[in-house]
Amino acid sequence: LTVKAAATSADSRYTCSITSNEWLETNKQTNVILNVFAVEFVDRSVSTKIYQSLTCTISGLSQNTPVTWIGPDNSEISESDTSNYVIDQGTYVFGSKASTLTIKQLVLESLPTASRTLR
């Protein structure tokens, strides 16, 4: 099941009904929860001469969810890459959390001017 973003604006429950001839199951139902949350993006220009921090604030969560930071090369930034980054997953409180990515000076200085963006 694929649900397009425009098709839902609130948490929903779907029922998956399975029939298996191999396991002699008929109409075995499983509930699947679709959780909807909001992410706010704020662009900004920063100096490359000092560490910079970006914070991703997510609200509307029904459970604690890890935040994955993606670098300018479209690959996941590893939490173990402490020579270039510091990732703070933040604390889940009442359906919200704020994760912070600190980018160290060496990384900032190595980015080409046209591609100094993180998602």
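This report describes the fold, strand pairing, core and selected residues of one protein chain.

The model is predicted. Its pLDDT averages 80, and 82% of the residues score at least 70. Confidence is highest in strand S5 (residues 85-88), at a mean of 94, and lowest in S3, at 67.

**Overall fold**

The protein has six strands and one helix. Read from the N terminus, the order of elements is β-β-β-β-β-β-α, with the helix at the end. Of the 119 residues, 20% are buried. The accessible surface amounts to about 8,900 Å², and carbon and sulfur atoms account for 52% of that area. When contacts between residues at least 6 apart in sequence are considered, 45% of them join residues at least 24 apart.

**The S1-S2 hairpin**

Strand S1 (residues 12-20) and strand S2 (residues 25-34) run antiparallel and are joined by eight bridges. Ser-12 has Leu-34 in S2 as its bridge partner. Four residues lie between the two strands of this hairpin, and Leu-24 in the turn has a positive phi of about 55°.

Val-32 belongs to strand S2. Leaving aside residues up to four places away in sequence, Val-32 touches Ser-12, Arg-13, Tyr-14 and Cys-16. Cys-16 is 16 residues from Val-32 along the chain, and the C-alpha atoms of the two are separated by 6.9 Å. Val-32 has a relative accessibility of 43%, so it counts as partly exposed.

**Nonpolar core**

The largest nonpolar core contains 12 residues. Its members are Cys-56, Ile-58, Leu-61, Val-67, Trp-69, Ile-77, Tyr-85, Ile-87, Leu-101, Ile-103, Val-107 and Leu-108. At least two residues of this core come from each of S4, S5, strand S6 (96-103) and H1.

**Salt bridge**

The count of salt bridges is one. Lys-49 pairs with Glu-109, and their closest N and O atoms are 4.0 Å apart. This pair links distant parts of the chain, with the two positions 60 residues apart in numbering. Lys-49 sits in the loop between strand S3 (38-39) and strand S4 (52-59), while Glu-109 is in helix H1 (residues 105-110). The two partners fall into separate exposure classes: Lys-49 is exposed, at a relative accessible area of 56%, and Glu-109 is partly exposed, at 35%.

**Residues with positive phi**

Most residues other than glycine have a negative phi. The table lists residues with a positive value.

| Residue | Phi | Place |
|---|---|---|
| Leu-24 | about 55° | turn of the S1 and S2 hairpin |
| Asn-74 | near 65° | loop between S4 and S5 |
| Phe-94 | near 50° | loop between S5 and S6 |

Phe-94 has a relative accessible area of 85%, which puts this loop residue in the exposed class because that class begins over 50%.

**Summary by region**

In the N-terminal part of the order, S1 and S2 pair as an antiparallel hairpin. S4, S5, S6 and H1 each contribute to the largest nonpolar core. H1 also holds Glu-109, the partner of Lys-49 in the salt bridge. For S3, the mean confidence of 67 should be kept in view when reading the model.

Methods. Residues are numbered from 1 along each chain as its sequence is written. This is a predicted model: local features need pLDDT of at least 70, side-chain atom pairs count only at pLDDT 80 or more; totals for chains, interfaces and linings use all residues. Side-chain values use heavy atoms; hydrogens and water are left out. Two strands pair if DSSP finds at least two bridges between them. A salt bridge is a side-chain nitrogen of Lys or Arg within 4 Å of a carboxyl oxygen of Asp or Glu. Buried means under 20% relative accessible area, exposed over 50%, partly exposed in between (1.4 Å probe, protein chains only). Contact means heavy atoms within 4.5 Å. Accessible areas come from the Shrake-Rupley method with a 1.4 Å probe; for residues, only the protein chains shown count as cover. pLDDT is the predictor's confidence in each residue, from 0 to 100. A nonpolar core is a set of buried Ala, Val, Leu, Ile, Met, Phe, Trp, Tyr and Cys residues joined through side-chain atoms within 4.5 Å.
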